[in-house]
Amino acid sequence: MKKTYIFWIAPLALLIGACGDKTKQNAAAVVPPTPVNVAEAKMGDAVYYDNYQGTVSALNVVELRSEVSGFITGIFFKEGDVVQKGKELYEIDRRKYQAAVDQAEANLLSANANLVKAQKDVDRYNMLLKNDAVARQTVDQAVAAFETSKGQVAVAKAQLESAKTDLSYSVITAPFTGRIGISQVRLGAQVSPGTTLLNTISSENPIAVNVVIDEKDINRFYRLQAKSTDSTFKLQLSDGITTYSKPGKVLTIDRGVNNQTGTIIVRIEFPNDQDLLKDGMAVVLKVLNEQSGNRVLIPYKAVTEQMGEFFVFVSQDTIAAQRKVALGHRVGTDVIVMNGINPGDKVITEGFQRLRNGGKITLGIPPAIPANGQATPPKGK
């Protein structure tokens, strides 16, 4: 009895399994096309910039220090003002330096008088020598005295020049036209030669931006140094919003690469007639990318990434074809496609999350994908 029962169960199980497989096949055969949205790949102006962190740097910066000692007796500028080249800025007590000049002038007068006397002695003794009225030794002594007097005159002149130089150093003037900072000394302060910092002055127009670039970009900046346009360089100021309106140009590229970092400094010059750029300010230098131009653009949202490679789905009638693409920079909501897509291709922008290469598609509103990952069918379906 038990054997007969088992004999009838086995065929029944096979029949049920066969029906199940047929049901699955029928279900697979009637899977509807995936609704998608598409956008046409188009040619467009793709102007974009590469960003480099930069620092504004004055082309000329000088620390003002005294070359003579003394007390500050005059300050002749307003802190933070632009001062013209040669303007008097500080005065150090001039009295002892003026006195040294007066003494040197007196010494020079005395030396000149001795020289005149020595010259007359030589002339007189030479005349007497012609008449054998004086010994040769006396003439030689007179000539030697004359030469000594000439040396004393030269020494006196040098001492006078030195005294005048010290006197001139007692007044510190602007070495060039630039903006002067906050004074580091006040009236009555004692200064020492070469050590006491009085102030700092820096040029402002034009001004430079220093950037550090990788050595692989050196040739690019050499090309830009030889040829650049008004749109090649732009500056984004430290507020992150304002773009500086004046064009820049490559002023200089440093002499060599830092062998520890593999970088080199490039200096870009900008006009600064409105004094918007300040020495030491942090900015972003925007350099026009050499691939800018008329390029193929597609919506960035159409791109998917798989293991570091980028793909898009293209509509070919009712079939979705997956293509590998090489991307350039983003331009707003679009992205540049360097290869893999041609102008006019219909790129799937929505609904591709449920697609496979060769899958069937239909144009329509793709179903939403909630957080649980299950697609919600569109209304009316």
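Lys-216 sits out in the open, with a relative accessible area of 65%, so it counts as exposed. In this predicted model, Lys-216 forms a salt bridge with Asp-214, and the closest N and O atoms are 3.9 Å apart. Asp-214 itself is partly exposed, at a relative accessible area of 32%. Elsewhere, salt bridges with shared partners tie Arg-179, Glu-204, Asp-275 and Lys-278 into one network. The structure holds 16 salt bridges.

Two other salt bridges are found within helices. In α2, Arg-124 and Asp-121 are three residues apart, or about one turn of the helix, and their side chains meet in a salt bridge at 2.6 Å, N to O. Asp-121 has 15% relative accessibility and so counts as buried, whereas Arg-124, at 42%, counts as partly exposed. Helix α3 has a pair with the spacing of three residues, about one turn, made up of Lys-150 and Glu-147. Here the closest N and O atoms of the salt bridge are 3.7 Å apart. Lys-150 is partly exposed, with a relative accessible area of 38%, and Glu-147 is partly exposed too, at 42%.

Turning to the nonpolar interior, the largest core has 31 residues, and the members that touch the most others are Ile-72, Val-83, Leu-89, Tyr-90 and Leu-198. At least two residues of this core come from each of β7 (88–92), α2 (95–130), α3 (136–169) and β11 (197–202). Helix α2 gives the largest share, eight residues. Once neighbours within four places in sequence are set aside, Val-83 is in contact with Phe-77, Leu-89, Ala-174, Phe-176, Thr-177, Gly-178, Ile-180 and Ile-201. Another core, of 24 residues, lies apart from this one, and its members include Ile-207, Phe-233, Met-281 and Leu-285.

As for the strands, seven of them make up an open sheet with antiparallel pairing, in the order β14-β13-β17-β3-β12-β16-β15. The edges are taken by β14 (243–244) and β15 (249–253), each of which pairs on one side only. At the β14 end, the antiparallel pairing with β13 (residues 233–236) runs over two bridges, and Leu-235 stands opposite Tyr-244 of β14. Helix α4 (residues 218–226) lies across β3 (49–57), β12 (207–214), β13, β15, β16 (263–270) and β17 (282–288). Relative to β15, helix α4 runs at about 125°.

Note on methods
Residues are numbered from 1 along each chain as its sequence is written. This is a predicted model: local features need pLDDT of at least 70, side-chain atom pairs count only at pLDDT 80 or more; totals for chains, interfaces and linings use all residues. Side-chain values use heavy atoms; hydrogens and water are left out. Two strands pair if DSSP finds at least two bridges between them. Helices (H or I, at least four residues) and strands (E, at least two) are DSSP runs, numbered from the N terminus. Contact means heavy atoms within 4.5 Å. Axes are lines fitted to C-alpha atoms, for helices over the stretch in contact, and angles run from 0 to 180 degrees between N-to-C directions. A nonpolar core is a set of buried Ala, Val, Leu, Ile, Met, Phe, Trp, Tyr and Cys residues joined through side-chain atoms within 4.5 Å. Buried means under 20% relative accessible area, exposed over 50%, partly exposed in between (1.4 Å probe, protein chains only). A salt bridge is a side-chain nitrogen of Lys or Arg within 4 Å of a carboxyl oxygen of Asp or Glu.
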